[in-house]
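This report introduces a protein structure to a reader who has not met it before. It takes up a helix, the nonpolar cores, a pocket and one strand residue in turn.

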Amino acid sequence: MDKKLYLASQSVARGRLLKEAGFVFEVISQDADEKSCDWGMPIQKLTSHIAGLKMKAVSVPAGEKEGAICWIITADSLCVDNDGSVFGKPLDHEDALQMVKSIRDGAVAGTSFCIERRRWECGQWITEERYIDYAQGKC
């Protein structure tokens with residue numbers, strides 16, 4: 001049975017982690033509108049919501065034959081400083097400097113992963129399983 005792993009992330013670190021773990025995968029795109037989220041949610045709910053939103057917005061290539069299976073991984077990482085400001089990836093060097101200054105007195109970083117197992121049936125991907133998990137650490 002054909003099985004394929006897709007990573008719906010442009011994150012160099014996530015790709016490197018999978019490669020170092022010995023996984024063969026293909027990077028695919030997603031076009032989730034993260035700005036539509038409620039950015040006032042706690043970091044765990046927010047990152048989990050965004051990881052799920054990304055999963056809904058993935059562009060998965062068509063299956064090669066009936067019964068093919070694929071696994072898809074999406075993720076989101078955010079940081080919250082002691083004042084409650086939420087940070088994602090910096091936009092540029094200046095933004096990165098501002099972020100470092102904001103979190104120097106402490107912050108919490110969190111990442112959520114969404115993993116789905118899909119089966120190619122009758123010309124479409126059918127979700128068989130979905131798993132969302134969250135990890136948090138202090139900065």
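A residue counts as exposed when its relative accessible area is over 50%, and as buried when that value is under 20%. The model discussed here is predicted.

**Helix α1**

By this criterion, V12, L17, K19 and E20 of α1 are exposed. On the other side of the helix, which spans residues 12-20, R14, G15 and L18 are buried. Seen down the axis of α1, these buried residues fall within an arc of 100°, and they therefore line one face of the helix. In an α-helix there are 3.6 residues a turn, so residues three or four places apart point the same way. The buried residues of α1 pack against β1 (3-7), β3 and β5.

Both ends of the helix can be described. S11 caps the N-terminal end of α1, with a side-chain oxygen 3.4 Å from the backbone nitrogen of A13. After α1 comes G22, which has a positive phi, near 90°.

**Nonpolar cores**

In soluble globular proteins, nonpolar side chains tend to be buried together. The largest nonpolar core in this model has 13 residues, and those with the most contacts inside it are Y6, I28, V58, V60, C70, I72 and W125. Two or more residues of this core come from each of α2 (43-56), β3 (69-81) and β5 (107-121). Another core, of seven residues, lies apart from it; C37, I43, V80 and Y134 are among its members.

Y6 also has neighbours that are distant in sequence. Leaving out residues up to four places away, Y6 touches E26, I28, V60, P61, C70, W71, I72 and I73.

**The largest pocket**

The largest pocket holds about 450 Å³ of space. It is lined by 20 residues, of which E34, K54, D76, G88 and K89 are the closest to its centre. Strand β3 gives the most to this lining, with four residues.

**Residue D133**

D133 belongs to strand β6, which covers residues 124-138. Is D133 buried, partly exposed or exposed? Its relative accessibility is 38%, so D133 counts as partly exposed. Beyond its neighbours within four places in sequence, D133 is in contact with T111, S112 and F113.

The table lists two distances that involve D133.

| Pair | Atoms compared | Distance |
|---|---|---|
| D133 and Y131 | side chains, polar contact | 3.0 Å |
| D133 and L18 | C-alpha atoms | 17 Å |

D133 and L18 are 115 residues apart along the chain.

Conventions:
Residues numbered from 1 in each chain as written. Predicted model: local features only at pLDDT ≥ 70, side-chain atom pairs only at ≥ 80, totals over all residues. Heavy atoms only, no water. Buried < 20%, exposed > 50% of the residue type's maximum accessible area, 1.4 Å probe, protein only. Contact = heavy atoms within 4.5 Å. Polar contact = N/O pair within 3.5 Å; in protein donor to acceptor, adjacent residues only side chain to side chain. Core = buried A, V, L, I, M, F, W, Y, C linked by side-chain atoms within 4.5 Å. Arc of directions from axis to C-beta. 1 Å grid on protein atoms, 1.4 Å probe; cavity = no way out; pocket = protein on both sides within 12 Å on 5 of 7 lines; lining within 4 Å. Points joined across faces, edges and corners; volume = space filled by probe spheres on them.
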